[in-house]
Amino acid sequence: DYLLKDRLRRLPTAIENALYERSLREEKKRAEDELRQSELRYRTLVEVSPDAIVVHDQGVLLFVNPATVELMGASSADELIGRNVLDFVHPDYRERVVERIGAIQRGADQIPPMEEKLIRVDGQILDVEIVGGPMIQQGKRYSQLVVRDITARKRRERELRAIAALSEALRLSESAEGIVHVLLQQARYLLDALAAMLFLKNPVTGEMKGIAGLGLWDDVSAM
């Protein structure tokens, strides 16, 4: 009788504990399900993003999305993963990129947008804008970058500046030589070239003759 009463007295507590433990299990499962769904949504967004997205560990590439593979002219993600990001950074920007990698590792929450040049697998140079921040996984700090191709925009900007410069030269120049000089300057600027040369074609013979050069030709004005 005494044992039965004691068990009955303890029963509500046992039921309460069992319900509490069940609630904890259900809450844990719900949190895990939500985390899996969140990771799935994030991965889906990254996979379909038109912008290149990469994750690296102190410069070593760990993840690239399909847009990165296309942007860099790679045949697959495997061609990029494991390589150092500096392999693809134009020499003029490597020092600044190293500083930004260090900033993330030192605890920066975000690195501001920066325009720089990247070198594709095939050697082609791209103008890009990059913004980044940390990604924390299992207590470890990684860097995540979003890379946007702005090559076309930068080309349009250069073209507009060249047109403006040529228009000003036509308005102010008092000689054909002055106009030609500005023309060669802007052609070199637009093409990011070391030198430029102007040729004229003889409409009768089809012969091409160089009449002026700028750059490697030490400003040749007559040829």
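The lining of the largest pocket divides into seven nonpolar residues, one polar residue and 10 charged residues. The structure is a predicted model, and this report describes its largest pocket, its largest cavity and the elements around them.

**The pocket**

The largest pocket has a volume of about 370 Å³. Its lining is made of 18 residues, and those nearest the centre are K117, D127, R158, L190 and D192. Two or more lining residues come from each of β3, β4, α4 (151–172) and α5 (176–191). The biggest share belongs to α4, which gives six residues.

**The cavity**

A search of the whole structure for cavities of 30 Å³ or more finds one. The volume of the largest cavity is about 300 Å³. Around this cavity stand 22 lining residues, with V54, V85, L118, I130 and L145 nearest its centre. The elements that supply two or more of the lining residues are β1 (52–57), β2 (60–64), α2 (66–71), α3 (94–105), β3 (111–119) and β5 (140–149). Of these, α3 gives the most, with four residues. By kind, the lining of the largest cavity has 17 nonpolar residues, three polar and two charged.

The table sets out the two linings by kind of residue.

| Site | Nonpolar | Polar | Charged |
|---|---|---|---|
| Largest pocket | seven residues | one residue | 10 residues |
| Largest cavity | 17 residues | three residues | two residues |

**Helix α3**

The helix that gives the most to the cavity lining is α3. It has 12 residues, and the distance from its first C-alpha to its last is 17 Å, close to the 16 Å expected at 1.5 Å a residue. Which residues of α3 are buried? They are V97, R100, I101, G102 and I104. An α-helix has 3.6 residues a turn, so residues three or four places apart point the same way. The buried residues of α3 pack against four strands, namely β1, β3, β4 (125–137) and β5. After the helix comes G107, which has a positive phi, near 115°.

**Strands β1, β4 and β5**

Strands β1 and β5 run antiparallel and are joined by five bridges. Within this pair, V54 stands opposite L145 in β5. Both V54 and L145 are also among the residues nearest the centre of the largest cavity.

Strand β5 pairs with β4 as well, again in the antiparallel sense, over 10 bridges. Here the partner of E129 is R148 in β5. The two strands β4 and β5 form a hairpin with two residues between them. In the turn of this hairpin, Q138 has a positive phi of about 50°.

**Residue I81**

In the loop between α2 and α3 lies I81. Is I81 buried, partly exposed or exposed? Its relative accessibility is 35%, so I81 counts as partly exposed; the buried class ends at 20% and the exposed class begins over 50%. Leaving out residues up to four places away in sequence, I81 touches L61, L62, F63 and V64. One of these, L62, is 19 residues from I81 along the chain, yet their C-alpha atoms are separated by 5.5 Å.

Terms used:
Residues are numbered from 1 along each chain as its sequence is written. This is a predicted model: local features need pLDDT of at least 70, side-chain atom pairs count only at pLDDT 80 or more; totals for chains, interfaces and linings use all residues. Side-chain values use heavy atoms; hydrogens and water are left out. On a 1 Å grid over the protein atoms alone, a cavity is a set of points where a 1.4 Å probe fits but cannot get out, and a pocket is an open set with protein on both sides within 12 Å along at least five of seven lines; lining residues have an atom within 4 Å of a point. Grid points are joined across faces, edges and corners, and a volume is the space filled by probe spheres set on the points. Ala, Val, Leu, Ile, Met, Phe, Trp, Tyr, Cys and Pro count as nonpolar, Asp, Glu, Lys and Arg as charged, and the others, Gly among them, as polar. The expected span of a helix is 1.5 Å times one less than its number of residues. Buried means under 20% relative accessible area, exposed over 50%, partly exposed in between (1.4 Å probe, protein chains only). Contact means heavy atoms within 4.5 Å. Two strands pair if DSSP finds at least two bridges between them.
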